[in-house]
Every structure is written in structure tokens, then in C-alpha cells.
Amino acid sequence: MPQRLNKFLATNLGISRREADDIIVAGQVTIDDRPAILGARVEEGRAVTVKGKPVETVAAVYVMLNKPTGYVSSRRAQNTTPTLYELLPKEFQKLKTVGRLDKDSSGLILLTNDGDFAFSMTHPKFHKSKTYLVLLESPLEPLHQQMISDFGINLTDGLSKLTLTSLDDSRKNWKVELAEGRNRQIRRTFGALGYTVKKLHRTTFGPYVLGDLASGKWQEIKVK
């Protein structure tokens with residue numbers, strides 16, 4: 001069955017459809033040695049190239065990993081800090097992370113070779129909700145809870161509003177929900193009011209739920 005060219009490129013190159021459209025417009029894509037145009041469709045058996053290199057057809061793969069703390073989300077290790085790719089088998093080494101979790105954070109992280117899926121999960125316009133379990137070093141004052149939830153905290157990259165649910169009477173353990181996910185947003189939001197996040201663990205990302213997947217383990221998932 002014919003497939004739109006930008007979707008074909010997104011799946012097989014791990015880029016977004018928008019990025020695929022850009023390289024098509026730039027004249028970098030051919031179908032059977034002829035320059036491709038926007039909106040083109042690819043039938044099975046056609047030869048597609050990008051910058052003269054054949055595009056190999058690969059199956060779309062979607063993986064959920066429970067990242068432990070102490071691992072970076074980049075492909076390369078940082079000094080002595082290992083990368084999460086060390087937790088994955090060889091066949092998943094070329095997958096790209098869908099967003100990131102910093103070294104000191106743990107929990108649900110998605111990986112895929114489908115750039116279109118990654119774009120739909122991470123671009124702010126899609127409002128994919130994420131849930132985290134957060135442990136603070138000191139109790140959160142009620143006034144500060146209201147400031148974060150109702151008014152937002154001004155950070156260098158804009159206003160940050162988080163939905164907070166207390167998990168016990170200590171006021172140190174919180175469920176935090178947000179639909180953005182800017183770089184270290186939760187840590188910076190609490191930090192702006194003088195609090196230190198001791199633990200941060202992501203449990204949901206859009207429709208995907210970590211459930212009982214053990215730390216350091218992975219599983220293939222289906223797109224919802």
C-alpha cells in the first residue's frame with residue numbers, strides 16, 4: 001500500500017514529518033532517481049535516496065524503559081557516568097529517546113525510530129501529560145504549594161505551573177503532573193522557592209504507564 005513520503009522518511013530515518021518535508025523541499029530526496037516533491041507517495045519496491053544514499057526500510061519500534069538513577073539519556077557516556085543504552089540489547093542501540101530524564105532522575109522513558117511519533121509526544125502543542133513522584137528535602141509550605149499550582153513560578157524560560165498532590169502528612173512526598181517538560185523544569189520550579197528535589201521518578205507519559213516494570217528493565221510497546 002502506498003505511503004506518504006514524509007511518513008516513510010520519518011519512520012526509516014528517525015526524524016519528524018516536518019524535518020522530512022524540509023529535506024524534500026531542499027531537493028535532497030529522490031524516488032527511483034527522480035527528485036521527490038511534497039505530498040509524494042512511496043510504493044513498495046521503489047528506490048528512495050537521501051543525499052544519494054539509499055533509505056533502508058525498517059520496522060517502527062517502540063520501547064519503554066524504566067531508567068534507574070545514575071544513567072544519562074544521551075547515546076554517549078559522560079566521563080564515568082553510563083548511558084541508558086547500556087541497559088538495552090544491541091538491536092535497540094540506534095533508537096532515539098523521546099525526551100529525556102536527567103542523570104539523577106528515574107522512571108519511564110520512551111525510545112523509538114519513529115520520528116513522527118517522537119514529535120507527537122514531545123511538541124508542546126500536543127499537551128502530553130506526564131506524572132512524577134517527587135521527594136523534597138524539606139516540607140513544602142502550603143503557601144508555596146499554592147504559588148506553584150495556582151499562579152506559577154517565573155523561570156528564565158517562562159512561567160511554570162505544576163499540579164501538586166500531597167502523598168502523605170510529611171509534605172515531602174508529592175505527585176507532580178505537567179504537560180510541558182522543559183529542561184529540569186520540576187527541579188528548577190522547586191529550586192526557585194528554595195527547595196531541593198531529592199528524588200524524581202516519572203510514572204506516566206501521555207497514555208503510557210510504567211506500571212510494575214522493574215528498574216533497569218525494558219519492554220516493547222504498541223502505539224496508543
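In this predicted model, helices (H or I, at least four residues) and strands (E, at least two) are DSSP runs, numbered from the N terminus.

**Figure 1. Lys-51 in the loop between β5 (48–50) and β6.**
Most residues other than glycine have a negative phi. Lys-51, in contrast, has a phi near 55 degrees, a positive value in a residue other than glycine. Is Lys-51 buried or exposed? With a relative accessibility of 63%, Lys-51 counts as exposed, because the term applies over 50% relative accessible area.

**Figure 2. Arg-171 in the loop between β13 (163–166) and β14 (173–178).**
Arg-171 is not a glycine, although its phi is positive, at about 60 degrees. The relative accessibility of Arg-171 is 23%, and the residue therefore counts as partly exposed.

**Figure 3. Gly-14 in the loop between α1 (5–13) and α2 (17–25).**
Gly-14 has 16% relative accessibility and counts as buried, because buried means under 20% relative accessible area. Which residues does Gly-14 contact, leaving aside its neighbours within four places in sequence? They are Leu-9, Lys-96, Asn-113 and Gly-115. Between Gly-14 and Leu-200 the separation in sequence is 186 residues, and their C-alpha atoms are 28 Å apart in space.

**Figure 4. Asn-6 in helix α1.**
A relative accessibility of 9% places Asn-6 among the residues that count as buried. Not counting residues up to four places away in sequence, Asn-6 touches Arg-17, Ala-20, Asp-21 and Ile-24.

**Figure 5. The largest cavity, with Asn-6 in its lining.**
The count comes to 1 cavity of 30 Å³ or more. The space in the largest cavity is about 30 Å³. Arg-4, Leu-5, Asn-6, Asp-21, Ile-24, Ile-37, Leu-38, Gly-39 and Ala-40 form the lining of this cavity. Two or more lining residues are given by each of the elements α1 and α2. By residue class, the lining of the largest cavity consists of 5 nonpolar, 2 polar and 2 charged residues.

**Figure 6. The largest pocket, with a volume of about 550 Å³.**
This pocket is lined by 28 residues, of which Arg-100, Leu-101, Gly-181, Arg-182 and Arg-184 are the closest to its centre. Which elements give two or more residues to the lining of the largest pocket? They are the strands β8 (96–98), β10 (130–136) and β15 (197–205), together with the helices α3 (115–122) and α5 (185–191). The lining of the largest pocket divides into 9 nonpolar, 10 polar and 9 charged residues.

**Figure 7. The second largest pocket, with a volume of about 430 Å³.**
The residues closest to the centre of this pocket are Asn-12, Leu-13, Glu-56, Val-58 and Lys-94, out of 19 that line it. At least two residues of the lining come from each of α1 and β6 (53–54). Helix α1 provides the largest share of the lining, 3 residues. In the second largest pocket, 8 lining residues are nonpolar, 5 are polar and 6 are charged.

**Figure 8. Tyr-62 and Phe-117, one of the aromatic pairs in the structure, which number 4.**
A pair of aromatic rings is described by the distance of the centres and the angle of the planes. For Tyr-62 and Phe-117, the ring centres are 5.0 Å apart and the planes lie at 75 degrees, so the pair is edge-to-face. Tyr-62 belongs to strand β7 (residues 62–67) and Phe-117 to helix α3, so the pair ties together parts that are 55 residues apart in sequence. Tyr-62 is buried, with a relative accessible area of 13%, and Phe-117 also counts as buried, at 7% relative accessibility. Tyr-62 and Phe-117 form one aromatic cluster with Tyr-208.

**Figure 9. The aromatic pair of Phe-119 and Phe-126.**
How far apart are the ring centres of Phe-119 and Phe-126? The distance is 5.8 Å, and the planes are at 80 degrees, so this pair is edge-to-face. Phe-126 counts as partly exposed, with 35% relative accessibility.

**Figure 10. Arg-75 over the face of Tyr-85.**
In this view a charged side chain is placed over an aromatic ring: Arg-75 lies 4.7 Å from the ring centre of Tyr-85.

Conventions: Residues numbered from 1 in each chain as written. Predicted model: local features only at pLDDT ≥ 70, side-chain atom pairs only at ≥ 80, totals over all residues. Heavy atoms only, no water. Buried < 20%, exposed > 50% of the residue type's maximum accessible area, 1.4 Å probe, protein only. Contact = heavy atoms within 4.5 Å. 1 Å grid on protein atoms, 1.4 Å probe; cavity = no way out; pocket = protein on both sides within 12 Å on 5 of 7 lines; lining within 4 Å. Points joined across faces, edges and corners; volume = space filled by probe spheres on them. Nonpolar A, V, L, I, M, F, W, Y, C, P; charged D, E, K, R; others polar. Phe/Tyr/Trp six-rings, centres within 6.5 Å; stacked < 30°, edge-to-face > 60°. Lys NZ or Arg CZ within 6 Å of the ring centre and 35° of its normal.
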